[in-house]
Number of protein chains: 2
Amino acid sequence: MKAEIIAVGTELLLGQIVNTNAQFLSQGLAELGIDVYFQTVVGDNAGRLQEAIKIARGRADLILFTGGLGPTQDDLTKDALADELGRRLVLHEPSMAKIEALFASRGAHMVESNRRQALMIEGSHPLDNETGLAVGNALTVGQTHYMLLPGPPREMKPMFEGPAKVWLRSLMGDEKPLYSRLLRFAGIGESNLEAALLDLIDKQTDPTIAPYAKEGEVALRISTKASNEAEALIRIDATVEAISQRVGQFIYAQDDIAIEEAVVRLLRSSMRTLASAESCSGGLLAELITSVPGSSSEFLGGVVTYTNKMKNQLLGIPLSQLEGPGAPGAISESTAAMMAERVQALASSDFGVSLTGVAGPSESEGKAVGLVYLGIAQLGKPTEVHELKLMGNRSTIRLRAVKAALYRLWQALK
Amino acid sequence: MKAEIIAVGTELLLGQIVNTNAQFLSQGLAELGIDVYFQTVVGDNAGRLQEAIKIARGRADLILFTGGLGPTQDDLTKDALADELGRRLVLHEPSMAKIEALFASRGAHMVESNRRQALMIEGSHPLDNETGLAVGNALTVGQTHYMLLPGPPREMKPMFEGPAKVWLRSLMGDEKPLYSRLLRFAGIGESNLEAALLDLIDKQTDPTIAPYAKEGEVALRISTKASNEAEALIRIDATVEAISQRVGQFIYAQDDIAIEEAVVRLLRSSMRTLASAESCSGGLLAELITSVPGSSSEFLGGVVTYTNKMKNQLLGIPLSQLEGPGAPGAISESTAAMMAERVQALASSDFGVSLTGVAGPSESEGKAVGLVYLGIAQLGKPTEVHELKLMGNRSTIRLRAVKAALYRLWQALK
């Protein structure tokens, strides 16, 4: 099945927002085994939207719309498509009841335009909106399938994951479903990973191996079409095994979780705790770890010691270690070790992790931009320090340093 | 002038990456006064790309392509357009010399495919690539203008901002150029801002007022077409004045900078320093401030005290304040004040800022998700504490709490 995604909204054409819906839907459709051939963005203009519909109908079997289902006069996706198909709009009673109940519960006056959100194209299948008011629509006319989804991602995503996927699977009938698994990597860059797997990726037919770049990390999606899950598992397992033989030590999850979440999970399952001491990364390590819900049981706290005085005051690192002729300096292996050890002792945690280095844009202590030391202190074990030489701008260096620290923590916890 | 943006790349159709290029270019074109009517995404497939070109030619005067200028066989934008226009590809000597010099300097062997990056469509104007190897192309055939830009944002953006904009301005000839100014807001949400300015936004014809949502902040772009800058300034100033009369206290910059950068600039110009004590925000405040290059002179350091024990050990807050029957607790006005005061004293900084609250997903100390206290301690002034009741998920609450703290700091510094 060939699909086209049409995102409707003048704010997209003005560059006021990024079309993340197109990515989300493309990924979701790929996982279902539906090929997306075109993505189109058109403004809140009935004529141009109908023009886009005519073009899409000529080259796709399935057209997904996002946006333009709201209450205002600018929201014209349903009207434009109904007009194009020569159909009327009819009221979807359950959606109308929901809208009325909401206004009543708020004691608010409902204006006529709110009714628009409960309209459907005649003959279409309603798609429940769990997190909003506008009902989605799915219908087949002739050889073409149409699906109308709301624009706000917090409404569109649950609708797609729920009722929309059920409808799409029913369309696919006898086609074999796609099964896939995500392998997430840390401690290895995209180009090194691709180089290690080049022949596997080139030779791939089934399962396919697709690389994804994720916020400072790399992932591979292994996909295959199969009649059933058992058959898919055998093939995916074999491919994962072939990949693992080469780069297995860098796979931290066969699931879509970030490395910080993998670290928090391991801390939790082993009932161990962590504290952090950061310099060049400025709190990013603490921020990523605490972005994992519930991490407060595992992450006890951290310090961001940007200045030598703070390294001395908060961590008790002697100033003679940090400055003056012959001192190792703040950016050194021994300072990284001390930072990790002191914060671990201070917090009485099982692990202490530290980062000190030069994020740029200019060098520091005469040391080059990108030089970072990463320390891991562990109760009852010798402290390890790793030297990193990172490429990129300030924010990339910070992110890569933090991801490297998380990878080393994950290794220590395994 | 009507424009269409065609992004070329199968990775976009698979949802492996987000089409941020379309947003960047749409915004840039809007600022030049060029209307974007359609955005299209097509895969690395010559036939479908040529089909998209034919459609775009029928509805746009200017077609901008991004992607597909690289060295591999998948990179076929230039070939497909040349073929469609019945033109040859010719070598751009300066680009070729640059590629050869780069390979020579690295002692690397240049493969034939690298030459492809120096090819241009016959009769086109080269667009220099400051940050990469693939040369851009701009040409006019009949009534249609074409521009080919590379796909990687770090190459595309400088090319667009530099040589591409020069070429686009030359196309516009007598058309009056667009002048615009960005107003950045903090301490006010998008809906409240729009409500306060509703009649101004509705009545707008010239200058126009367009709202933008930026990472936890709101911005307005004021734009007008004028014969010269002086004329534009008069009109923009009058609109800014009208907006300021209503919501002036929330405008922290008439320039595209984030609130953390505005705070660092004010700290720098007043030669004052800052330290932070965070609980619920987990280091995000420190991270945002230190993301500003050179902030190490103004930001001395911070603590992330997730547990009561860390609040006690690092900040010396009595445990009797934090826990036990009748204690105010960690999430309280008085704890926020103490955290700000203690970290300011510890760092000997001019300002101390603190955040303690419930980011969710579950409540804490019996206090509701979204309740956050924000403290600002200032040498020689009474400490201020603000209570926030924030909506959203964990990451939204954290971001909004941090942006609110930055706004209050900005106010204290003004």
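**Exercise 1.** Determine where A:R265 and A:E261 lie and how far apart they are along the chain.

*Solution.* Step 1: both residues belong to helix α9 (residues 259-269) of chain A, four residues apart, about one turn of the helix; helices (H or I, at least four residues) and strands (E, at least two) are DSSP runs numbered from the N terminus. Step 2: their side chains meet in a salt bridge at 3.3 Å, N to O, the criterion being a side-chain nitrogen of Lys or Arg within 4 Å of a carboxyl oxygen of Asp or Glu. Step 3: A:R265 is partly exposed at 41% relative accessible area, and A:E261 is partly exposed at 28%. Buried means under 20% relative accessible area, exposed over 50%, and partly exposed in between (1.4 Å probe, protein chains only).

The model is predicted: local features need pLDDT of at least 70, side-chain atom pairs count only at pLDDT 80 or more, and totals for chains, interfaces and linings use all residues. Residues are numbered from 1 along each chain as its sequence is written, chains are lettered from A and ligands numbered from 1 in the order in which they are written, and side-chain values use heavy atoms, with hydrogens and water left out.

**Exercise 2.** Locate the salt bridge of A:E287 and B:R398, and state whether its partners are buried or exposed.

*Solution.* Step 1: the N to O distance between these side chains is 3.1 Å. Step 2: the pair crosses between chains, from helix α10 (residues 284-290) of chain A, which holds A:E287, to helix α14 (residues 394-413) of chain B, which holds B:R398. Step 3: A:E287 and B:R398 are both buried.

**Exercise 3.** Identify the elements linked by the salt bridge of B:R184 and B:E217.

*Solution.* Step 1: the side chains of B:R184 and B:E217 meet at 3.2 Å, N to O. Step 2: B:R184 lies in strand β9 (residues 178-185) of chain B and B:E217 in strand β11 (residues 217-225) of chain B, 33 residues apart. Step 3: B:R184 and B:E217 are both buried. Step 4: in chain A, salt bridges that share partners join A:R184, A:E217, A:D256, A:E260 and A:K403 into one network.

**Exercise 4.** Derive the relation between chains A and B.

*Solution.* Step 1: a rotation of 180° with 0.0 Å of shift along its axis superposes chain B on chain A, with RMSD 0.2 Å (least squares on the C-alpha atoms of residues with pLDDT of at least 70 in both copies). Step 2: that is therefore the relation of a two-fold axis. Step 3: the same surface serves both copies, since 100% of the contact residues of chain B recur in chain A (contact: heavy atoms within 4.5 Å).
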